[in-house]
Amino acid sequence: MSAVRNYFQELSTQVVQGWNRFWFSLGDAYCLGAMRALIGAMALWFIVSYSTDLVTWFGPHGLLTVPTVTHN
């Protein structure tokens with residue numbers, strides 16, 4: 001039973017260290033800027049993709065009715 005306990009202690013330690021290394025280690029600002037630009041472009045594309053079919057999705061007889069969208 002101690003082998004299982006040791007395994008999960010080691011696993012949790014490795015997960016926490018990996019989490020901290022991923023979020024809190026120093027890195028190049030260029031990569032972060034590129035990720036922000038890419039995600040912004042993807043969000044803009046997602047919003048623009050709705051523009052051609054707004055009535056189809058959200059119109060009075062659209063695919064997403066008012067109760068569906070408002071969770072009523």
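Q: What makes a group of residues a nonpolar patch?

A: A nonpolar patch is made of residues with over 30% relative accessible area and no salt bridge, whose nonpolar side chains are joined within 5 Å. In this predicted model, such a patch on the surface is formed by Met1, Val4, Tyr7, Phe8, Leu11 and Val15. Together they have about 670 Å² of accessible area.

Q: Let me take one member of that patch. Where is Val4 found, and is Val4 buried, exposed or partly exposed?

A: Val4 is found in helix 1. Partly exposed covers the range between 20% and 50% relative accessible area, so Val4, at 43% relative accessibility, counts as partly exposed.

Q: How should I read Gly40?

A: Use those cut-offs again. Gly40 has a relative accessible area of 38%, so Gly40 is partly exposed. You will find Gly40 in helix 2.

Q: Which residues line the largest pocket?

A: For a pocket, look at which residues surround the open space. Here the lining consists of Phe22, Trp23, Ser25, Leu26, Gly27, Asp28, Cys31, Leu32, Met35 and Ile39. The space in the largest pocket comes to about 320 Å³.

Q: Which helix gives the most to that lining?

A: Helix 2 does, with 4 residues. Both helix 1 (2–24) and helix 2 (29–51) supply at least two residues of the lining.

Q: How many of the lining residues are nonpolar, polar and charged?

A: Sorting a lining by residue type shows its chemical make-up. In the largest pocket, 7 residues of the lining are nonpolar, 2 are polar and 1 is charged.

Q: Now for Ala29 and Gly59. Which is buried and which is exposed?

A: Exposed means over 50% relative accessible area, and buried means under 20%. Ala29 counts as exposed because its relative accessibility is 60%, while Gly59 counts as buried because its value is 14%. Ala29 lies in helix 2, whereas Gly59 sits in the loop between helix 3 (54–58) and helix 4 (66–70).

Q: How far apart are Ala29 and Gly59 in sequence and in space?

A: There are two ways to express separation: along the chain, or straight through space. Ala29 and Gly59 are 30 residues apart in sequence and 43 Å apart in space, C-alpha to C-alpha.

Q: What are the separations for Gly59 and Ser49, and for Gly40 and Ser51?

A: Gly59 and Ser49 are 10 residues apart in sequence and 16 Å apart in space, C-alpha to C-alpha. For Gly40 and Ser51, the sequence separation is 11 residues, and the C-alpha to C-alpha distance is 17 Å.

Conventions: Residues numbered from 1 in each chain as written. Predicted model: local features only at pLDDT ≥ 70, side-chain atom pairs only at ≥ 80, totals over all residues. Heavy atoms only, no water. 1 Å grid on protein atoms, 1.4 Å probe; cavity = no way out; pocket = protein on both sides within 12 Å on 5 of 7 lines; lining within 4 Å. Points joined across faces, edges and corners; volume = space filled by probe spheres on them. Nonpolar A, V, L, I, M, F, W, Y, C, P; charged D, E, K, R; others polar. Patch = residues over 30% accessible without salt bridge, like charges linked within 9 Å, V, L, I, M, F, W, Y side chains within 5 Å. Areas by Shrake-Rupley, 256 points an atom, 1.4 Å probe, with all protein chains shown as cover. Salt bridge = Lys/Arg side-chain N within 4 Å of Asp/Glu carboxyl O. Buried < 20%, exposed > 50% of the residue type's maximum accessible area, 1.4 Å probe, protein only.
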